[in-house]
Amino acid sequence: MKRLVLVLVLACGVVGAPFSCADTHVYVRGAHGWAPAQARVDGAAVAVHLDPALVGGQAEVLISEAPLDVDDTAAPFVAALSLNGHEFRAPVPADLGFFPWPHTIAVMLHDSGSHVTQDSVQVTLVGERTGPAVVPCPVTSFSQGAWVRATLDTRDLRADRYTLRISAADLLGNRLDTAIRLDSLGIVIPATTLKVSDSSGRLSKPLPEIGTQFYHGESAGDFVSYSLPVERAGQYGISVHFTRCYSYGTYMVSLDGEREPHPLDGYDPDLRVGAGSLNLGRRYLSAGEHCLRFELFGKNPAAQSRFLGLTEVVLRPEPGVAPHVLRRP
Ligand SMILES: [Ca+2]
């Protein structure tokens, strides 16, 4: 499907069509929308008669190689969205919920009145943490332009809360602009909100300026336990994220008394907020408070002290979990 839209300030004119077609259709937009124009087509030259009273001295002319439904005032819409092969049909929800590893997103756009113009289609992902994501977005057209499919390869995206922004227009300029949310991150519990439930007596305090819960461990055996709130029971993948620093030590981590075999090592020559993570695996968590305990184990030989800095605990539910599970009311 080809078209040309011109804005003329002439009462009449001769324009060159971008294509030579035996079946050329010319339309003009006036105060009441698009209407067929009086035109004479001679090869690639199109002479258009414009009525100044109709167009107010300025005309928008559309030249198309196929007839158009000038009564079409409806914008294209998202007829289907496929995420990792899981298909959502129209009306596609504005929030798709949790999908931990999105590798392919395909968007099917449809316009019932005229045609979606392929070059008008833009699909981008914007992450809360990562910002706009540059994602290859090949667009293919189907069924004489009524359908357009855009496919995004999202295998290398980091976990985040994304907004999928979709815009498109039909031949008559009716525009679609919509946003669909997608969460590949999960439930994030900021460590600065954690409450101490037990400890060997050392200081624990939030450092909001670096989003870190600081623990002043000093000697082996020092421990601090935090109350970990779980709103809804379920099977979760659990990870603890922490800050690395030259003064941070190593800690054994346990959840509800079940100890991880490998210690968390917070040492780094520089201060790197949230740079470390420890995967606690998958387990069933009941609704309510759970006990997340850190026991001082030692330190890297280069570390100056044995402190601890936590940034967040992330709970990743089963794929396809509904948005209300992820968002706190
Ligand atoms: Ca339309």
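**Exercise 1.** In which loop does Asn-84 lie? State also whether Asn-84 counts as buried, partly exposed or exposed.

*Solution.* The structure is a predicted model. Step one is location: strand E8 (77–83) comes before Asn-84 and strand E9 follows, with the residue in the loop between them. Step two is the backbone: the phi of Asn-84 is near 55°, a positive value in a residue that is not glycine. Most residues other than glycine have a negative phi. Step three is burial: a residue is buried at 20 or more other C-beta atoms within 10 Å and exposed at 12 or fewer. Asn-84 has 16 C-beta neighbours inside 10 Å, and therefore counts as partly exposed.

**Exercise 2.** Determine where Asp-256 lies and whether Asp-256 is buried or exposed.

*Solution.* Asp-256 is found in the loop between E24 and strand E25 (258–259). Its phi is near 50°, again a positive value in a residue other than glycine. Within 10 Å there are 12 other C-beta atoms, so Asp-256 is exposed.

**Exercise 3.** Identify the residues joined by a cis peptide bond, and place Pro-91 among the strands.

*Solution.* The bond joins Ala-90 and Pro-91, with omega about 0°. Most peptide bonds are trans. Pro-91 belongs to the loop that runs between strand E9 (86–89) and strand E10 (95–98).

**Exercise 4.** Describe the largest nonpolar core and the contacts of Phe-294.

*Solution.* The largest nonpolar core has 30 residues; those touching the most other members are Tyr-248, Tyr-251, Phe-294, Leu-308 and Val-313. Two or more residues of this core come from each of strands E22 (223–230), E23 (234–244), E24 (250–255), E28 (288–298) and E29 (308–316). Setting aside neighbours within four places in sequence, Phe-294 contacts Tyr-215, Phe-223, Val-224, Tyr-251, Val-253 and Leu-308. A second, separate core contains 19 residues, including Leu-81, Val-107, Leu-109 and Val-121.

**Exercise 5.** Summarise the protein as a whole: how many helices and strands are there, and what share of the residues is buried?

*Solution.* The secondary structure consists of 2 helices and 29 strands. Of the 329 residues, 30% count as buried. Among contacts with a separation of 6 or more, 72% are between residues 24 or more positions apart.

**Exercise 6.** What is the mean pLDDT, and how many contacts does the stretch 9–14 have beyond near neighbours in sequence?

*Solution.* The mean pLDDT is 86, and 86% of the residues reach 70 or more. Over residues 9–14 the pLDDT is below 50, and this stretch has 12 contacts in the model beyond near neighbours in sequence.

Notes: Residues numbered from 1 in each chain as written. Predicted model: local features only at pLDDT ≥ 70, side-chain atom pairs only at ≥ 80, totals over all residues. pLDDT = per-residue confidence, 0-100. Contact = placed C-beta atoms within 7 Å. Core = buried A, V, L, I, M, F, W, Y, C linked by C-beta atoms within 7 Å. Helix = DSSP H or I, 4+ residues; strand = E, 2+ residues; numbered from the N terminus.
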